[in-house]
2 protein chains.
Amino acid sequence: MSTKSTAERIIDAALQLISAKGYTAATTKAIADLAGVNEVTIFRHFGNKRGILKAVIEKFSYLPLLQEEINKNVTWDLETDLLNFSVKHFNFLMSIKDFVMIGFKEGMQFPEINEEIANTPLHIKNELIHYLQEMHERGKVREIDFEAAALSLIAINVGHFISRARLGTIVSDIPTEILLKTSISIFSRGLTP
Amino acid sequence: MSTKSTAERIIDAALQLISAKGYTAATTKAIADLAGVNEVTIFRHFGNKRGILKAVIEKFSYLPLLQEEINKNVTWDLETDLLNFSVKHFNFLMSIKDFVMIGFKEGMQFPEINEEIANTPLHIKNELIHYLQEMHERGKVREIDFEAAALSLIAINVGHFISRARLGTIVSDIPTEILLKTSISIFSRGLTP
DNA sequence: CTAGCATGTAAGTAATTACTTGCATGGGAG
DNA sequence: CTCCCATGCAAGTAATTACTTACATGCTAG
């Protein structure tokens with residue numbers, strides 16, 4: 001048996017099913033079955049179906065922010081730092097893949113999810129802008145629109161993530177490591193004065 | 001009244017609703033209402049609900065491939081060509097936004113959609129690789145993993161598209177034009193020998 | 001004008017879904 | 001041991017959903 005609490009097992013099951021099939025198609029019965037729990041237990045814990053989703057969102061709102069992790073290990077060597085960031089960002093997205101997929105599927109219907117999802121890029125963007133400005137002052141990054149540059153870097157990672165998470169190796173089977181390395185090699189060279 | 005045929009109006013309504021709420025939540029009744037058509041008419045046209053989705057997918061399988069458009073207007077100036085591609089790619093994605101969203105939502109459940117969606121990046125990737133190789137031979141692009149570079153360029157555009165299509169201006173309100181211009185400015189400089 | 005074809009209207013059906021209620025049970029805390 | 005709390009089980013309900021059938025109506029081509 002699992003060591004997880006009943007509520008946790010329900011949340012995990014809901015996360016899986018909603019991310020795979022969407023909120024409407026993920027029936028309470030299916031969630032209960034996957035969690036190995038009686039259907040009534042769900043309602044006793046969360047009141048109604050929306051309650052499960054609310055709990056799922058809450059679970060991800062306390063995520064240790066990627067932001068803090070990023071600031072560590074700054075070497076002030078552009079390519080090293082950007083690659084470090086890129087790998088962390090990519091792995092972070094992969095680790096919350098199911099939640100991100102729910103965001104794509106249900107963000108329009110449940111705005112709370114969108115806000116939660118938008119939170120991360122917003123913070124990251126600001127960190128990156130700050131970093132790029134500092135690097136510019138150190139003469140290691142050329143004059144450029146820092147916000148647009150930060151957004152572009154985020155876009156690369158998100159793009160790679162989407163491609164891998166949604167299409168697997170249909171489009172390409174290049175190892176992710178090489179993909180990120182090449183991206184950053186090009187990007188950091190493009191930023192250098 | 002609309003000049004569109006009944007079938008077309010149903011397909012358009014389904015496209016809107018499924019992209020907004022997902023396949024399961026997009027009721028045949030709701031689709032019929034939005035199309036301004038009686039619910040039975042849907043079944044007379046498409047047999048069953050799956051039939052509507054099939055028709056939606058078919059509608060997008062005959063898209064004039066972006067691929068051909070890209071090859072036009074090649075100037076063999078790196079930044080000019082890449083920006084031209086980037087803008088076209090981004091606008092293409094925006095023009096089929098609803099279909100892309102359906103792909104995100106239902107791709108796992110209806111693999112036909114995924115195949116259709118993966119088609120575009122696959123073709124584009126090959127065109128880009130070809131272009132980069134040629135540019136390399138002309139001494140205008142440095143030695144690099146061309147496939148990874150092509151995928152990265154696609155990733156930037158997809159990333160920007162996702163951000164704009166899903167989060168609007170929550171993350172940033174920089175005009176798309178400037179965003180793409182900056183991306184390409186960095187990227188093309190990063191590719192230059 | 002008329003025949004036929006596309007569509008609307010009305011009514012219904014079987015299955016599913018979110019959710020409720022009442023009762024049984026078992027394991028852990030006092 | 002006993003009490004209680006979480007959970008299981010059984011049964012049910014109102015609403016919704018995909019889909020069907022039968023019939024009426026109106027526009028268009030011949």
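When I speak of a helix here, I mean a DSSP run of H or I that is at least four residues long, numbered from the N terminus, and I count a residue as near the DNA strand if one of its heavy atoms lies within 4 Å of it. This is a predicted model, so please take the distances as computed from it.

With that in hand, let me start at DNA strand D, where α3 (39–46) of chain A and α3 (39–46) of chain B each supply at least two residues of the nearby surface, and where α3(A) gives the most, with four residues. In total 15 residues surround the strand, the closest being A:Thr6, A:Thr41, A:Arg44, A:His45 and B:Lys49, and sugar and phosphate make up 57% of the strand's atoms that come within 4 Å of the protein. By class, this surface holds four nonpolar, eight polar and three charged residues.

Phosphate oxygens of the strand are approached from both chains: a side-chain N or O atom of A:His45 is 2.6 Å from one, a polar side-chain atom of B:Thr28 lies 2.9 Å from one, and for A:Asn38 a polar backbone atom is 3.0 Å away.

Turning to the protein interface, 48 residues of chain B contact 48 residues of chain A, and the buried area is about 4,300 Å², with 67% of that coming from carbon and sulfur atoms. On the chain B side, B:Phe104, B:Arg166 and B:Ile186 lose the most area, together 16% of what that side buries. The rule finds zero salt bridges across this interface, whereas 19 residue pairs are in polar contact. Finally, α9(B) gives the most to the chain B side, with twelve residues, and that side divides into 25 nonpolar, 15 polar and eight charged residues.

Notes. Residues numbered from 1 in each chain as written. Chains lettered and ligands numbered in written order. Predicted model: local features only at pLDDT ≥ 70, side-chain atom pairs only at ≥ 80, totals over all residues. Heavy atoms only, no water. Polar contact = N/O pair within 3.5 Å; in protein donor to acceptor, adjacent residues only side chain to side chain. Nonpolar A, V, L, I, M, F, W, Y, C, P; charged D, E, K, R; others polar. Contact = heavy atoms within 4.5 Å. Buried area = accessible area lost by both parts, 1.4 Å probe. Salt bridge = Lys/Arg side-chain N within 4 Å of Asp/Glu carboxyl O.
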